[in-house]
Amino acid sequence: MSNRGHLAIFGASGHGKVVADIAMQTGWREVTFFDDAWPDKSCLEHWPVRGGMAVLLNQLSQFDGVMVAIGHNAVRQAKLETLARADARLVTLVHPRATVSPLARLGAGTVVVAGAVINAFAELGMGTIVNTSATVGHDCRFGPGVHVGPGANVAGDVAVGRGSWIGVGAAVRQGVTIGEGVMVGAGAAVVADIADGLTVAGVPARPLAQENATARDDPAVGRRRLGLASPQGRS
Ligand SMILES: CC(C)(COP(=O)(O)OP(=O)(O)OC[C@H]1O[C@@H](n2cnc3c(N)ncnc32)[C@H](O)[C@@H]1OP(=O)(O)O)[C@@H](O)C(=O)NCCC(=O)NCCS
């Protein structure tokens, strides 16, 4: 349990404001930002930006905890790994009006935003974001660097691979596996497993990404890749 004195947040952005707000609401007394856009960016609202990653690494001993607040999953993960290698005291932040089961496990550097719910035996990897009013069902297993967008609902027993993003308002059926580096579009309904690297959208979710142009042009191909029956019941 860390002493909630002075928190360093790497990433002086919109998401950084949300993270700083949660820190203040959970008793951290002081927040200082770091960002590689320093010195061009020297403050975020009323919080100071003191330097980039090199400065933060030099000053780690001055802070009681460190957090990374970067929306881009791969970048957030890389920064967290850099800080973990330097033995930074990575914290997790849970908004006072989020509900996290004591039986759930949150990886270091995870942030749970207002209204979110995380149910029993969910295991979230390092640097997960569970955004505003999102839900994560029982027994979910997330790799590092996953982001569950605002209002998205992930049902129980869902596996999500490293760096995947569940878009705002999406729904994920129980028991499915979402691969690594997947982007689930806003409002999508994921009802079948999704392979690594795909961007999917719609109800039910189908591939959108360039590499899946054929699937996009031919809905039957997309349906087969996702293991869905064709509208006519043949695939
Ligand atoms: C799915 C997504 C990643 C696609 O982004 P993109 O590759 O830039 O795609 P485009 O905006 O160029 O749209 C390509 C096509 O997909 C459609 N499309 C895009 N997003 C869609 C969605 N969520 N659902 C259904 N169709 C979608 C577009 O209408 C467009 O169709 P068209 O080719 O027939 O005109 C993006 O639209 C999205 O939903 N992002 C999630 C954002 C989010 O959750 N933000 C939370 C911030 S905390």
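The largest nonpolar core, a set of buried Ala, Val, Leu, Ile, Met, Phe, Trp, Tyr and Cys residues joined through C-beta atoms within 7 Å, comprises 68 residues, and those with the most contacts inside it are Ile9, Val19, Met67, Val130, Val148, Val184 and Val190. Here a residue is buried if 20 or more other C-beta atoms, placed from the backbone, lie within 10 Å of its own. Helix H1 (residues 14-25) supplies the largest share of this core, 5 residues; helices (H or I, at least four residues) and strands (E, at least two) are DSSP runs, numbered from the N terminus. The core lies between domain 1 (6-91) and domain 2 (94-221), because both give residues to it, the domain bounds coming from an automatic or database domain assignment.

The model is predicted, with local features requiring pLDDT of at least 70 and side-chain atom pairs counted only at pLDDT 80 or more, whereas totals for chains, interfaces and linings use all residues. Residues are numbered from 1 along each chain as its sequence is written.

Strand S1 (residues 6-10) pairs with strand S5 in the parallel sense over 4 bridges, pairing being assigned if DSSP finds at least two bridges between two strands. Within this pair, Ile9 stands opposite Met67 of S5. Strand S5 (residues 65-68) is covered on both faces, with Gly65 and Met67 buried on one side and Val66 and Val68 buried on the other.

A further, open sheet of 6 strands has the order S7-S10-S13-S16-S19-S22 with parallel pairing, and its edge strands, S7 (99-100) and S22 (189-190), each pair on one side only. Strands S16 (residues 153-154) and S19 (residues 171-172) are joined by 2 bridges in the parallel sense.

Key
A residue is buried if 20 or more other C-beta atoms lie within 10 Å of its own, exposed if 12 or fewer, and partly exposed in between; C-beta atoms are placed from the backbone.
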